[in-house]
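Let's take a walk through this structure together, stopping at a few places along the way. Keep the viewer open as you read.

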Amino acid sequence: MDEASPKIFIPNTIEGVSNHVTGQIQLLWELVKAPLIVPLLKLGVYICLAMSLMLFMERLYMGVVIVLVKLFWKKPEQRYDYKPLQDDVELGSSHFPTVLVQIPMFNEREVYKVSIGAACGLSWPADRLVIQVLDDSTDPVVKEMVEQECLRWASKGINITYQIRENRTGYKAGALKEGLKRSYVKHCEYVAIFDADFRPEPDFLRRAIPFLVGNPELALVQARWRFVNADECLLTRMQEMSLDYHFTVEQEVGSATHAFFGFNGTAGIWRIAAINEAGGWKDRTTVEDMDLAVRASLRGWRFLYLGDLQAKSELPSTLRAFRFQQHRWSCGPANLFRKMVMEIVRNKKVKFWKKVYVIYSFFFVRKIIAHMVTFFFYCVVLPLTILVPEVHVPIWGAVYIPSIITTLNSVGTPRSIHLLFYWILFENVMSLHRTKATFIGLLEAGRANEWVVTEKLGDSVNNKSKAGDAAKNKINVTKAIRKTRFKFGERLHLLELGFAAFLFFCGCYDFVHGKNNYFVYLFLQTITFSIVGFGYVGTIV
């Protein structure tokens, strides 16, 4: 009996202490919640609703304009002075302008042959075409392979030059700038730029150059991207949906209304005089293409987007490559906005409404607000309101507006409409990464100028899957398993996993105590964050 009392006494003491601590935490939460948490969360809801309305109005505006463009706008050949350049036996090639084709590269082992072959296959008089391969590769084996490919085409009579630099100063912008300094391109009037994975059709120049020849106010003709590996995995399908909206709506609307849009960095033809007048290529941000486009537009140059002129390209199919690309595409515009907003405001050559379009629509809403509202509203504020029932989110802000915005975003890729729900969940996850990159760009923090070339796999994955006999395949599978185990730790993304845990907790709380049934969305979003957090998205190499 004497020994039994301490056995009962100890757990009672622990339970008492536990209840005491829990009570203290609950008391502290109640003391802080009313005067601090509730007002801050309400403010967050109001800000997010305002940003949602801004994004909604932007999407609605572009939706209305694109419908009007498709129904009533004249085709580019009718709006601009367009006369196709025809071969003439008497004149020869003298009436064709000299065009420079630049192909910037960096360790492009898998795709260099495709891009060089496509450029050399362009239908244009040989004496009026200069092809420049700008190779910044650090791998000596790849450099040798690219140089030999250039020599092979040169032996066939193609005017192709293999160009290297001693360092990678300025990255892509530095390579393009250095290429324009060469004496053998001084007589070129236009420059077509293709990244290493791009494959223009043979008639690309013949369809685009006449617009620049007949309209001296035009500085840029931009083509649409098409993707050869869109069906490779779910990751590439998600990217196709986002980029198709960008080209189908955003680029088309900018071209039709203000003759301005962001140069996509590739599959476009520039008037070299416009590049020089705008100050040339600059490497102050990771979006040198957008930088040049904005500066040229501020000097009165106009741009033309041709949706039916297309160039095939490759989407990043690994999560690692995609994350690096999205960091650059989100950080760069925010950083450029920080550096150029006052220059745009003070500019006297551009009309007021075009300034409003560039500052508010092009930069502020699309490049900043779109990322932030997606992340903060649907991944932070909305889940927090479940824990603080005193704060209410109106149904129009939580459901109706997002549904309309999503529907408008889906018009670019009708074939993927059945993937729309998963696309929403995936975009919410990526908004975390994009928002972080946007803040880095706005604050010009440590990774603001980080440049990582997007990895291209070409046909290497498919070729590897077909290679070898049974024994060789067995060895390859064993090595692949070891490699996968070794890289598993590298594939973990703790930030995404942390948000998965947070959303799971909020979902459980809503399931037990909530009244809005948000737990269905929260559990699905938890699963998506977890999948990305463990790196099981895209091609695993």
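Look for E444, whose side chain makes a polar contact with the side chain of R338 at 3.3 Å. Bear in mind that this is a predicted model. A second polar contact joins the side chain of E444 to the side chain of K339, at 3.1 Å. Leaving aside residues up to four places away in sequence, E444 touches N335, R338 and K339.

Where along the chain does E444 have its place? E444 lies in the loop between α13 (420-443) and α14 (460-466). Its relative accessibility is 32%, and because values between 20% and 50% fall in the middle class, E444 counts as partly exposed. If you would like a sense of scale, find N409: this residue is 35 residues from E444 along the chain, and their C-alpha atoms are separated by 30 Å.

Next, turn to the surface. M57, L60, V64, V67, L68, L71, F72 and W73 make a nonpolar patch there of about 780 Å². One of these residues, L68, has its place in helix α1, which covers residues 4-72. With a relative accessibility of 35%, L68 counts as partly exposed.

Finally, the cysteines. How many disulfides does the model contain? The count comes to zero. Take C150, which is in no disulfide: the nearest cysteine sulfur belongs to C120 and is 7.5 Å away. A disulfide calls for two cysteine sulfur atoms within 2.5 Å, so this pair does not qualify. C150 is buried, at 3% relative accessibility. C233 is also buried, with a relative accessible area of 16%, because the cut-off for buried is under 20%.

Terms used
Residues are numbered from 1 along each chain as its sequence is written. This is a predicted model: local features need pLDDT of at least 70, side-chain atom pairs count only at pLDDT 80 or more; totals for chains, interfaces and linings use all residues. Side-chain values use heavy atoms; hydrogens and water are left out. Helices (H or I, at least four residues) and strands (E, at least two) are DSSP runs, numbered from the N terminus. Buried means under 20% relative accessible area, exposed over 50%, partly exposed in between (1.4 Å probe, protein chains only). Contact means heavy atoms within 4.5 Å. A polar contact is a pair of N or O atoms within 3.5 Å; within protein, one must be able to donate a hydrogen and the other to accept it, and residues adjacent in sequence count only if both atoms are side-chain atoms. Patches are made of residues with over 30% relative accessible area and no salt bridge: like charges are joined within 9 Å, nonpolar side chains (Val, Leu, Ile, Met, Phe, Trp, Tyr) within 5 Å. Accessible areas come from the Shrake-Rupley method with a 1.4 Å probe; for residues, only the protein chains shown count as cover. A salt bridge is a side-chain nitrogen of Lys or Arg within 4 Å of a carboxyl oxygen of Asp or Glu.
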